[in-house]
Amino acid sequence: MDPAETPEAVAASRARWSLPAVWLVPLVAALLAGWLGVKAVLERGPAITIRFKSADGIEAGKTKLKYKNVQIGIVKSVALSPDLKEVIATAELVKDAKPHLVEDTRFWVVKPRIAAGTVSGLDTLLSGAYIGVDAGKSGKSRREFAGLDAPPVVAGDSPGALLVLHAASAGSLEVGSPVFFRRLPAGQVTGCELDPDGVKVSVFINAPFDQYVTSNARFWHASGIEVKLDANGIRVDTQSLVSILIGGVAFDTPPGTTAVARAAASTEFRLFENPTEAMKNPEADKLEFTMLFNESVRGLQPGAPVDFRGITVGEVGAVRMQMAPGAGEVLVAVQATIYPSRIEWQDGVRSTAGSRERRRRFIDALVASGMRAQLRPASLVTHQLYLALDFFPVKGAKVNWAASPPQLPTQKATLVELETAIGSLAAKLEKVPLDDLAGDLRQTLQSAQRLIDHIDAEVASEVGPTLAQARKTLASADRLLSSDSPLQTDSRQAMREVARAAQAFRVLADYLERHPEALLVGKKDEGTK
Amino acid sequence: MKPRKPHSLRRTWAFLVAAIILYVPANVLPVMHTEWLSGSEDDTILSGVIYLWSSGSWPLALVVFVASISVPLLKMAALAFLAASVQLRSTWQPRQRARLYRIVELIGRWSMLDIYVTAILVALVQAKALATIHAGPGALAFAAVVVLTMLAAMSFDPRLIWDAQRHGSR
């Protein structure tokens, strides 16, 4: 290695060779680090923030996010919102979750809870609370969410139909209350909201059942036990034990309806108070009448049946007082609706087919032959009244078609008539001078008493000696009849004499039998013997 | 007497740079993935130290911190300092620097502590249903860091420290 010119060239070639050999190590390290870093970055999913009312059960670095019980993320930090009203949990999700972080994705804290007859989240007793996720369907991506207070009743992907019911009140319904179809649990209430004219209840009907939600389906409160007291007596209705405890909704199609198309999604229905009301046919054909009663209508409720010989042909509407102008009378006006569709003409044509005029003539004819409206007690115990249409042997009244609604003539209730009769009887009884009568009666009784006293005094004085006399008589009679009395002795002697006489007579008779000649010749001498 | 190590400085630099590069993922990425009944958890070295510290095991936390974080860091710094001083032909305190080198070589293997712990845990805790522990990607990087720093220390020729002295005195 002597030549002084070459070493640099050699060194350069060696350096060029050895440089990569040694520097390969940091290069590999850099590649490794880069790969690890890139992998970590690639594996890192999107970060989201979820707002909760409280951080109950949420722990930074511990609490998981789970979808269908698969962990898809973890809470990284929990912080308070600037206004201290909420808790903001920041969570990191797995990469695959990214497309599902959309507007209607829902988050809630899963912890043990007992609601609407179900117990859920028991596994969290052991594992600690976690955040449940329900993937949304919207196309709009989102990274900031508001957590739900309670788990959603229905998972976003479960098949079924979401419906809206309008009710007068929520009753005992709450989120999670069951929906029944033919007494099978068919869905759940997903929300109750206030509505301008009542309550808006959204329900979710699960898959096999949603096909029965036709456009004419009827929904009603199946809440608890329904005890109803009406003209028909007491009725108790329930759906299931669960609904007794927590209430619920039931639905069905009214009987006799032919196949109707399925209700479209988000169709709005009315939520009736009870099945009877729900199942009532909405009568298209109605006839309104007013009836004036001059008696108490206590016990007559709106909704009471209008009965024609046992068949309900309508129902009572409003009941109110009416002053008859000038007559100085206060009458009770009962409005009733009659459903002509329930009456069939003899020729098979429903009365709906009849024209107005025909109907009018018909009703006039009925009234002319004595048809009247009358209040009758349905039950003497409950004192409920119903309105009966019946024929009475009366004449003269007519339908007042001029009034609006037309006015049917009425008949006093049988009970009221009876009351009137009893009333007049009582009035007559009142006229009887009961006081005078009582005075007279008392006098009579007093004189009778006096008479009895007199008789007592007179008779008692006579009775004493008479009795003594009688006793004496009896005593002497006794003496007379006793065994040692002379009469007895005499009579006994006399009897003996008679017996002796009879004996002598028998001897004589015997003798005469043997010697009849003795009668003529006298007794023979005994010596001959 | 040992023969001089060829391309000592260059090699030292290469291993050192590699170690520094890998030190980042070693500390950022999880070294241990623990799964137990209620869930799973990823632990980096630092989070492990923090966990130990917050759960009250201060001595253990201190040991892990020193062995796994400060020792590799100090070792890399010391090697970088030595290599740089040789590169710059510094004549400052050759005796002290030689001692520093010896210390670095001595404590090198101690920083493998964390890897040992992880390896033992992975081997031991395999009760499938209840809990399992896997080594994370950080463990690989961390092991590489330790090995690389050891290699760097090995490839560094302490005689170079004195070379500058001789050049300087010449």
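The following questions and answers concern a predicted model of chains A and B.

Q: Which helix gives the most residues to the largest nonpolar core?
A: The largest nonpolar core of this predicted model has 41 residues, and those with the most contacts inside it include Leu16(B), Ala18(B) and Val145(B). Helix 1 (7-43) of chain A and several helices of chain B, among them helix 3 (58-87) and helix 6 (137-155), each supply at least two residues of this core. The element that gives the most, with twelve residues, is helix 1 of chain B.

Q: Which residues of chain A are in contact with Leu22(B)?
A: Leu22(B) is among the residues with the most contacts inside the largest nonpolar core. Leaving aside neighbours within four places in sequence, Leu22(B) is in contact with Ala141(B), Ala144(B), Val145(B) and Leu148(B) in chain B, and in chain A with Ala29(A), Leu32(A) and Ala33(A).

Q: Which element gives the most residues to the side of chain A that touches chain B?
A: Here 16 residues of chain A are in contact with 19 residues of chain B. On the side of chain A, the elements that give two or more residues are helix 1 and helix 2 (124-127) of chain A. By class, this side has eleven nonpolar, four polar and one charged residues. With twelve residues, the element that gives the most is helix 1 of chain A.

Q: In the closed barrel of chain A, what is the bridge partner of Phe219(A) in strand 18?
A: The closed barrel has seven strands with mixed pairing, in the order 10-13-12-11-17-14-18, and its neighbouring strands are turned by 35° against each other on average, direction ignored. Strand 14 (residues 218-221) and strand 18 (residues 268-272) of chain A pair in the parallel sense over two bridges. Phe219(A) also belongs to a core of 29 residues, along with Leu165(A), Ala263(A) and Ala278(A) among others. In strand 18 of chain A, the bridge partner of Phe219(A) is Leu271(A).

Q: What are the bridge partners of Gln374(A) in strand 24 and strand 26 of chain A?
A: Strand 23 (residues 371-379) of chain A pairs with strand 24 (residues 384-391) of chain A in the antiparallel sense over eight bridges, and these strands form a hairpin with four residues between them, where His383(A) in the turn has a positive phi of about 60°. Strand 23 of chain A also runs parallel to strand 26 (residues 410-411) of chain A, joined by two bridges. The partner of Gln374(A) in strand 24 is Ala388(A), and in strand 26 the partner of Gln374(A) is Gln411(A).

Q: What is the average pLDDT of chain B?
A: The model as a whole scores ipTM 0.71 and pTM 0.48. In chain B, 81% of the residues score at least 70, and the average pLDDT is 78.

Definitions and conventions:
Residues numbered from 1 in each chain as written. Chains lettered and ligands numbered in written order. Predicted model: local features only at pLDDT ≥ 70, side-chain atom pairs only at ≥ 80, totals over all residues. Core = buried A, V, L, I, M, F, W, Y, C linked by C-beta atoms within 7 Å. Buried ≥ 20, exposed ≤ 12 C-beta atoms within 10 Å, placed from the backbone. Contact = placed C-beta atoms within 7 Å. Pairing = 2+ DSSP bridges. Axes fitted to C-alpha atoms, helices over the stretch in contact; angles between N-to-C directions. Nonpolar A, V, L, I, M, F, W, Y, C, P; charged D, E, K, R; others polar. pLDDT = per-residue confidence, 0-100.
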